[in-house]
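This report looks at charged side chains, at the pairs they form and at how far they are covered. The reader may wish to keep the sequence and the model side by side while following the text.

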Amino acid sequence: MIEERTRDLLEQKFQEEEYQDCFVVEVKYNPANKKLQAFVDSDSSMTFRKCQRLSRFLESYIDDEQWMGEKYTLEVSSPGVDRPLKLARQYTKNIGRRLEVLLHDDDKKYKGSLIKADDQGIVLESQQTRKQGKKKIKETVETEIPYDQIRKAIVKITFKK
């Protein structure tokens, strides 16, 4: 209930011009410690200032309506790079970055550069080596992965140029 109300309020706020490229990734509420977490992202950049304003916006509603009583914890942030990608919109935003993807069917990890993301799935590009006689041949391989097969996908930060 609290999660749904929070999501609805954020969606309402995202109708404003300043927030039109923002979207809700996940809302979590833990009633045991009265902690509400809202992870929001944006097609452009999710700044600290935007998160701060969204937090104050939510806080005013929570306080006025007394959803969680007087004492609670509210966190509004963008999902960090350590959090798995959940929405197609996040994949689109990360085209060109390296991903590590685990599938539901097997425990194999697919690693590569995200070169395409659409409504159905993603395409990873990776360098693979194969033997041909005594020679080792490097080739570029594209792997198509439908979203419904992805168990977990994480952006991998690289410091190479």
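Aspartate 41 has a relative accessible area of 8% and is therefore buried, since the buried class takes in residues under 20%. The model in which this value was computed is a predicted one.

**A buried acid and its partner**

Aspartate 41 is engaged in a salt bridge with lysine 93, and the closest N and O atoms of the two are 2.5 Å apart. Aspartate 41 belongs to strand β2 and lysine 93 to helix α3, which covers residues 88-93, so that the pair, 52 residues apart, links distant parts of the chain. Lysine 93, with a relative accessible area of 31%, is partly exposed.

**Other salt bridges**

How many salt bridges does a search of the whole structure find? The search gives 12, and the pair already described is joined here by two further examples.

In one of them, the side chains of glutamate 75 and lysine 35 meet with an N to O distance of 3.2 Å. Because glutamate 75 lies in strand β3 (residues 73-77) and lysine 35 in strand β2 (residues 35-42), this pair ties together parts that are 40 residues apart in sequence. Glutamate 75 counts as partly exposed at 32% relative accessibility, and lysine 35 is also partly exposed, with a relative accessible area of 26%.

In the other, glutamate 16 forms a salt bridge with lysine 13, where the closest N and O atoms are 3.2 Å apart. Here the acid, glutamate 16, counts as partly exposed at 37% relative accessibility, whereas lysine 13 counts as buried at 14%.

The three pairs are set out below.

| Acidic residue | Basic residue | N to O distance |
|---|---|---|
| Aspartate 41 | Lysine 93 | 2.5 Å |
| Glutamate 75 | Lysine 35 | 3.2 Å |
| Glutamate 16 | Lysine 13 | 3.2 Å |

Salt bridges also join residues into a network, whose members are Glu26, Arg83 and Lys86.

**A negative patch on the surface**

Which residues form a negative surface patch? The patch is made up of Glu59, Asp63, Asp64, Glu65 and Glu70. Among these residues, glutamate 65 lies in helix α2, which covers residues 48-65. Glutamate 65 counts as partly exposed, because its relative accessibility is 49% and the exposed class requires over 50%. A residue joins such a patch when its relative accessible area is over 30% and it has no salt bridge, a condition that the 49% of glutamate 65 meets as far as accessibility is concerned.

Note on methods: Residues are numbered from 1 along each chain as its sequence is written. This is a predicted model: local features need pLDDT of at least 70, side-chain atom pairs count only at pLDDT 80 or more; totals for chains, interfaces and linings use all residues. Side-chain values use heavy atoms; hydrogens and water are left out. Patches are made of residues with over 30% relative accessible area and no salt bridge: like charges are joined within 9 Å, nonpolar side chains (Val, Leu, Ile, Met, Phe, Trp, Tyr) within 5 Å. Accessible areas come from the Shrake-Rupley method with a 1.4 Å probe; for residues, only the protein chains shown count as cover. A salt bridge is a side-chain nitrogen of Lys or Arg within 4 Å of a carboxyl oxygen of Asp or Glu. Lys and Arg count as positive and Asp and Glu as negative; His and the chain ends are not counted. The place of a charge is taken as NZ of Lys, CZ of Arg, CG of Asp or CD of Glu. Helices (H or I, at least four residues) and strands (E, at least two) are DSSP runs, numbered from the N terminus. Buried means under 20% relative accessible area, exposed over 50%, partly exposed in between (1.4 Å probe, protein chains only).
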